[in-house]
Amino acid sequence: MARGQLSAVELTRSCLDRIDTFDSRLHSFITVDEEGAMAAAAAADTKRDLGDEGKLLGIPLSIKDLICTEAMATTCGSKMLANFIAPYDAAVVENIRAAGGIMVGKTTMDEFAMGSSSETCCFGAPANPYNTDFVPGGSSGGSAVSVAAAEALGSLGSDTGGSIRQPAALCGVVGMKPTYGRVSRYGLVAFGSSLDQIGPITRDVTDCALMLAVVAGYDRRDSTSVNRPVEDYPAALRKGMDTLRIGVPREFFQEGIDLEVEGVVRGGIDMLSDAGATVVEVTLPHIKYGVAAYYLIASAEASSNLARYDGVAYGFRAPADELLAMYKDTRTQGFGEEVKRRILIGTYALSSGYYDAYYKKASQIRTLIIEDFKAAFCDCDVLVSPVSPTPAWRIGAKTDDPLAMYLSDIFTLSTNLAGLPGISVPGGFSGDGLPIGIQLQAPHFHESVLLRAAYNLELQTELANHLPSL
Amino acid sequence: MEFETVIGLEVHAQLRTATKIFCGCATTFGAPPNTNTCPVCLGLPGSLPVLNKMAVEYGIKVALAANATVNPLSQFARKNYFYPDLPKGYQTSQYDRPLVEHGRIDITVDNEVKTIGITRMHLEEDAGKLIHDEREPRSFVDLNRAGTPLLEIVSEPDLRSPAEAVDYLRKLHTMLRYLDVCDGNMQEGSFRCDANISLRPFGAAEFGVRTELKNMNSFRHVQAALEYEQRRQRDILLEGGTVIQQTMLWNPDKGITEPMRGKEDAHDYRYFPCPDLLEVQVDDSWVNTVRHTLPELPEARRNRFVDSYGLPPYDAALLTEARELADYFEQATATGAPAKKVANWVMTELLREVTAPALIADGAVSPEHLGTLVLLIEDGTISGKIGKSVFTEMISSGKDPRTIITEKGFSQISDEDELLKLVREIITASPDQVAQFKAGKSKVMGYFIGRLMQKTKGSANPKLANQLFTRELSAR
């Protein structure tokens, strides 16, 4: 585009054409803003003619449908907010606009980001572009699918327990959850406020670094965002692996992990080692309590965060004769099963008499897990592990087994409990041709190191920009 | 059996910050519904709170004034419950880690000082308001008030009578107004009081079962509600019954307390630390900076009024009850007028005209004018009696007393008593002229007037002088 060989209008048109062609099967979008996207593309071309060199100028992107946008509805994949249009743009949307990015639409997701397969979306679930009988992962499934299928060149997702990294892994793209506080949550519809973080899903690590550089930074509207300079992430990629120590957590390679997944991850470790990194084994002794602690904390916060959907001021309202009936009917009809399950778990965990045994105990475990990671990072710079214990599974296979679904987040959710940055990089394929990802994690605010390791891994796997045959 | 009453008060004081506690919306009262709102105080999806530093600072002020401890680290928590005036489905408040703890306020009981403990003070956001349309089954929600900062001030159960409770409440009210952190308006709800009250046999170590009283919008209502509830509980206990722990609403029309909700409906608020806000850090240097901004507090001011102005303790106490009144007194005294005289004028004349001390500053009579009036009486320009007429004129016109005296001719001696004294002296000293007058020589009146004008340096009111001489001479 900088050389004038491709215009933003052409590029955006091609993405919109792919959406037209494939999205009836992939269903990665809840809303597509063709008119807005084409207008923005034309404006981007004009800007480039005038010398604008915005970092994302003219690049078509998709946005997960729980990031507030003034121009399009923000449904969170829920009947509750089916017609909700936010009166303001999220901080990251402002950043994307300021950098010249073009928003083609809002992507399919598990309802209120609660799920690992995107099947709880009440507007229809997306399909894996490598095999449409399989799930794309979740909750940012639509975002990962849209990028894997090149319906958009990048996407913003959100990650509360793996919701960026896991669908990225299952769809063969790059997905990153930044350090908690690195990207403003202002305008991100809250699920688990102490865990949520917005991050990029892209076709390669370089794009990921570029998008992160655009959305990262302090925002005074988010009290938990951290006032710390944003590093030059794209520049950080080019450094080699010579000085890096790669930690392999013993606990992440035990029973329950699919052998094909283990093979791909072990292969990735060898590649990093070949690239010059030192490999050490580390231990995270409390990680086995992570799933329990995570589902208590995330659900507790969710039970409170979702209390505002009461039918009073906005969103879905079930007609009723009196107040209590309105609340009950609105929430019974407006929320799906998984959301209600988590609200119940969370309400229970915070209840008088149970708080100490559940929420408080979970918070204590969280502290122990943070300490585990701190100790592990004394011996290494980056941790390597699987993203998901298995490749993508068949649509419907786990929908009646919530516990099996929860366990699919086993390798990702501790990153959120500890507030660390983590990234999923395509590592290979299963025998069925389904993508398998490799997860890297780094200490707080070490995104540069994380991206550098990911980039070096990508150079070895040669899986950047892989396109599924559709 | 004799019972001891045990009362603890919970006060919610709206803090007078310019903006709300977690967003930049104005806190002004009386704006059209839902206009002082934004995504944050409307609780829209994706919005996040940012703590208003001034609200914390006001909390620190109150803590210092009440000899309380400001916790270096405190935390906001979510209090979860559903109500249409609560847009997020939870109130952001403080729970197990409040901003302030361990304070005290002194009250006076039968001329003895008694210290009332303050358990804690914490910051929280106010809810909106519901407006019910009585003609049809419909309610409206106004969220202008949602997010207004509140300081909840919880006393220890140290109060032993409704009178003590009201005295504590007044002291607290005065203190908050001195600090200028709360406007104290109980009708508009910017200073709200709930009370916990229980009875126990004298000498018992355990507290009795308590009830919580709500809906008391004035000091008078607090007193009346507590007295009623005290009687109600005593009657129950004397009949061998048991008091039910419940929330009671004061019904001012009927003059009784009525149950609001029973214990079986008790809410489980599911408090937990608010993940959207960081811990509140208050270091010593911040506390010390705030300490230097503290105004003189009522007790200190009262003592100073006695020591430096020589006022009787009663006057000092009355004048320092409201900051505006004390300010007024001091400004009036600054004219050089004697303090005790100014105090008398303020307490009798001024307070008769202006019933609410808060309105004194807006009144027609400026403190400078009142001071001037007192000075004019002191130097004999006018008598005290004329002074009152001048004061009445000052109230209605707002004019300077000197202007009023000139316009109305008050500078002439129009004081009947004063002139009468002189008239009688002159008559006694002039037997010949009196005899002439009696003989029908009315022109001799000129002589009397001349003498009077000489004595008063021409300032006697001639019309009045004429009347007085005529009357006195005729009576001879």
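Aromatic pairs are where I will begin: a search of the whole structure finds 27 of them over all chains, where rings of Phe, Tyr and Trp (its six-membered ring) pair if their centres lie within 6.5 Å, and planes under 30 degrees apart count as stacked, over 60 as edge-to-face and the rest as tilted. This is a predicted model, in which local features need pLDDT of at least 70 and side-chain atom pairs count only at pLDDT 80 or more, while totals for chains, interfaces and linings use all residues. Residues are numbered from 1 along each chain as its sequence is written, chains are lettered from A in the order in which they are written, and side-chain values use heavy atoms, with hydrogens and water left out.

One of these pairs joins Tyr327(A) and Phe82(B), and it is tilted, at 5.4 Å centre to centre with 45° between the planes. The pair crosses between chains, from helix α10 of chain A to the loop between β4 (76-80) and β5 (90-94) of chain B; helices (H or I, at least four residues) and strands (E, at least two) are DSSP runs, numbered from the N terminus. Is each ring buried or exposed? Tyr327(A), at 7% relative accessibility, counts as buried, whereas Phe82(B), at 30%, counts as partly exposed, given that buried means under 20% relative accessible area, exposed over 50% and partly exposed in between (1.4 Å probe, protein chains only).

In chain B, the rings of Tyr81(B) and Tyr269(B) have centres 5.7 Å apart and planes at 70°, so this pair is edge-to-face. Because Tyr81(B) lies in the loop between β4 and β5 and Tyr269(B) in the loop between β14 (256-261) and β15 (272-273), the pair ties together parts that are 188 residues apart in sequence.

Let me turn to the interface. Here 38 residues of chain A are in contact (heavy atoms within 4.5 Å) with 29 residues of chain B. The two chains bury about 2600 Å² between them, 60% of it on carbon and sulfur atoms, buried area being the accessible area (1.4 Å probe) that two parts lose on being put together, summed over both. Ser223(A), Ser304(A) and Arg308(A) supply 23% of the area that chain A buries against chain B, more than any other three residues.

How many salt bridges does the rule find across this interface? It finds one, in which the side chains of Asp276(B) and Arg185(A) meet at 3.0 Å, N to O; the rule asks for a side-chain nitrogen of Lys or Arg within 4 Å of a carboxyl oxygen of Asp or Glu.
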